[in-house]
Amino acid sequence: MKIYLNGKFVGKNQACVSVFDHGFLYGDGAFEGIRSYDRLVFKLKAHIDRLYETTHTLMIEIPLTKKQMIKAIVDTLKINKLKDAYIRVIVTRGVGDLGLDPQKCDGGPNIIIITDKITLYPEKLYDKGMDIITVPTIRNNPEALNPQLKSLNYLNNILAKIEANNSGFSEAIMLDHQGYVAECTGDNIFIVKDNCLSTPSQGRLKGITRDTVMHLATKSKLKVEERFMTRHEVYTSDECFLTGTAAEIIPVVKVDGRMIGNGRPGSVTTKIMKMFKVVTRKDGVKY
Ligand code: PXG
């Protein structure tokens with residue numbers, strides 16, 4: 001495996017950064033998770049735009065233009081001869097001292113691109129659907145740490161994942177600071193009720209898979225809404241599913257012990273999963 005590290009390709013064991021990097025010391029940095037399907041990088045521009053939006057707010061200057069970043073990603077895929085891949089782009093604050101002050105990290109960020117394979121959940125869950133719970137840890141208040149920032153600090157989501165694991169579940173719903181449904185630990189959530197698709201409008205990352213699903217649903221004449229969502233509405237929905245680059249689209253059939261619909265993945269979910277499979281294999285940056 002070859003890893004891109006600041007313009008060079010190095011082996012897995014040589015791909016190291018300093019223990020004084022603030023990405024390591026403080027989670028001070030940004031990342032993206034991207035997928036390629038059959039030599040097409042899906043929604044690459046959207047992922048790159050989101051990465052540069054996060055670093056803009058964090059005031060980290062990436063020493064590559066977006067075009068150069070896209071080339072670096074494509075080159076990493078080519079050198080690793082991967083047809084289908086999960087791509088992780090990491091931008092750290094860089095090396096500083098032991099204090100928080102990012103101004104002292106004056107050597108510039110570390111840029112890392114890892115390409116590998118990933119499967120988040122067992123294949124059978126995609127056929128049967130998942131059983132998930134709501135956990136006590138709420139999603140970050142947007143005025144404290146905005147969920148739109150795809151930063152290297154994922155402790156909010158990891159604490160929620162630990163709570164899910166402790167209760168014997170592999171995924172969890174996180175509520176926002178007002179008690180509305182926000183998203184899951186690494187996925188967005190959708191419900192279907194009377195053929196209308198809805199997804200939370202606030203407290204969540206604006207996922208790229210989420211945007212794709214909304215677009216596919218609109219194109220196939222389904223009504224789509226972004227709005228405040230309560231747990232009661234999730235419990236009483238006809239269908240529920242989660243979306244994310246790593247997880248793709250996965251049906252949910254039980255939430256907090258309440259069966260969703262008839263307890264099997266619904267027809268709208270199945271249809272969207274099929275459309276997603278088609279679009280990911282025909283839309284994207286070729287390499
Ligand atoms: N919400 C959160 C909090 C995420 O981290 C998504 C939604 C889905 O967004 P996209 O753009 O990918 O559709 C994400 C991204 C994991 C893992 O191991 C998941 C993500 C990132 C890194 C790791 O579950 N999901």
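Which residue in β14 does Met 130 stand opposite? Met 130 stands opposite Val 252 in β14, and this pairing is a good place to start reading the model, which is a predicted one. The briefing below begins with strand β7 and its neighbours, moves on to strands β8 and β9, then takes up the salt bridges, and ends with the surroundings of the ligand.

**Strand β7 and its partners**

- Strand β7 takes in residues 130–134, and four of its five residues are buried, so that the strand as a whole is mostly covered.
- One partner of β7 is strand β14, which spans residues 248–255, and the two strands pair in the parallel sense over three bridges.
- Another partner of β7 is strand β8, made of residues 172–175, and here too the pairing is in the parallel sense, over two bridges.
- Looking at individual residues between β7 and β8, Thr 134 has Ile 173 as its bridge partner in β8, while Ile 133 has Ala 172 as its bridge partner in that strand.
- To get from β7 to β8 the chain passes through helix α5, which covers residues 155–166, and the resulting β-α-β crossover is right-handed.

**Strands β8 and β9**

- Strand β8 is covered on both faces, with Ala 172 and Met 174 buried on one side, and Ile 173 and Leu 175 buried on the other.
- Strands β8 and β9 run antiparallel and are joined by three bridges, and within this pairing the bridge partner of Ile 173 in β9 is Cys 184.
- The two strands β8 and β9 form a hairpin in which five residues lie between them, and Gly 179, which sits in the turn, has a positive phi of about 95°.
- Ile 173 therefore appears in two pairings, since its partner in β7 is Thr 134 and its partner in β9 is Cys 184.

**Salt bridges**

- A search of the whole structure finds 17 salt bridges, and a few of these are described in the points that follow.
- One of them joins the side chains of Arg 93 and Asp 28, with a distance of 2.8 Å from N to O.
- Because Arg 93 lies in the loop between β5 (85–92) and β6 (111–116), and Asp 28 in the loop between α1 (22–26) and β3 (29–37), the pair ties together parts that are 65 residues apart in sequence.
- Buried means under 20% relative accessible area, so Arg 93, at 11% relative accessibility, counts as buried, and Asp 28, with a relative accessible area of 13%, is buried as well.
- Another salt bridge is formed by Arg 139 and Glu 183, whose closest N and O atoms are 2.5 Å apart.
- This pair links distant parts of the chain, for Arg 139 is in the loop between β7 and α5, whereas Glu 183 belongs to strand β9 (residues 181–184), 44 residues apart.
- Arg 139 is buried at 5% relative accessibility, and Glu 183 is buried at 4%.
- Glu 233 forms a salt bridge with Arg 227, the closest N and O atoms being 2.9 Å apart, and Glu 233 is partly exposed, with a relative accessible area of 26%.
- There is also a network in which salt bridges with shared partners join Arg 204, Lys 206, Arg 210, Asp 211 and Glu 226.
- Within that network, Arg 204 is placed in the loop between β11 (196–200) and α6 (208–219), and Arg 204 is buried, with a relative accessible area of 5%.
- The side chain of Arg 204 also makes a polar contact with the side chain of Glu 226, at 3.4 Å.

**Around the ligand**

- There are 21 residues around the ligand, and those that come nearest are Tyr 154, Glu 183, Ile 208, Thr 209 and Thr 245.
- The side chain of Thr 245 has an N or O atom that is 2.5 Å from an oxygen atom of the ligand.
- For Ile 208 the atom concerned belongs to the backbone, where an N or O atom lies 2.7 Å from an oxygen atom of the ligand.
- Arg 50 likewise takes part through its side chain, in which an N or O atom is 2.9 Å from an oxygen atom of the ligand.
- On its own the ligand has 550 Å² of accessible area, and the protein covers 89% of this.

Key
Residues are numbered from 1 along each chain as its sequence is written. This is a predicted model: local features need pLDDT of at least 70, side-chain atom pairs count only at pLDDT 80 or more; totals for chains, interfaces and linings use all residues. Side-chain values use heavy atoms; hydrogens and water are left out. Buried means under 20% relative accessible area, exposed over 50%, partly exposed in between (1.4 Å probe, protein chains only). Two strands pair if DSSP finds at least two bridges between them. A crossover is right-handed if, with the strands pointing away from the viewer, the path from the first strand over the helix to the second runs clockwise. A salt bridge is a side-chain nitrogen of Lys or Arg within 4 Å of a carboxyl oxygen of Asp or Glu. A residue is near a molecule or strand if one of its heavy atoms lies within 4 Å of it. A polar contact is a pair of N or O atoms within 3.5 Å; within protein, one must be able to donate a hydrogen and the other to accept it, and residues adjacent in sequence count only if both atoms are side-chain atoms. Accessible areas come from the Shrake-Rupley method with a 1.4 Å probe; for residues, only the protein chains shown count as cover.
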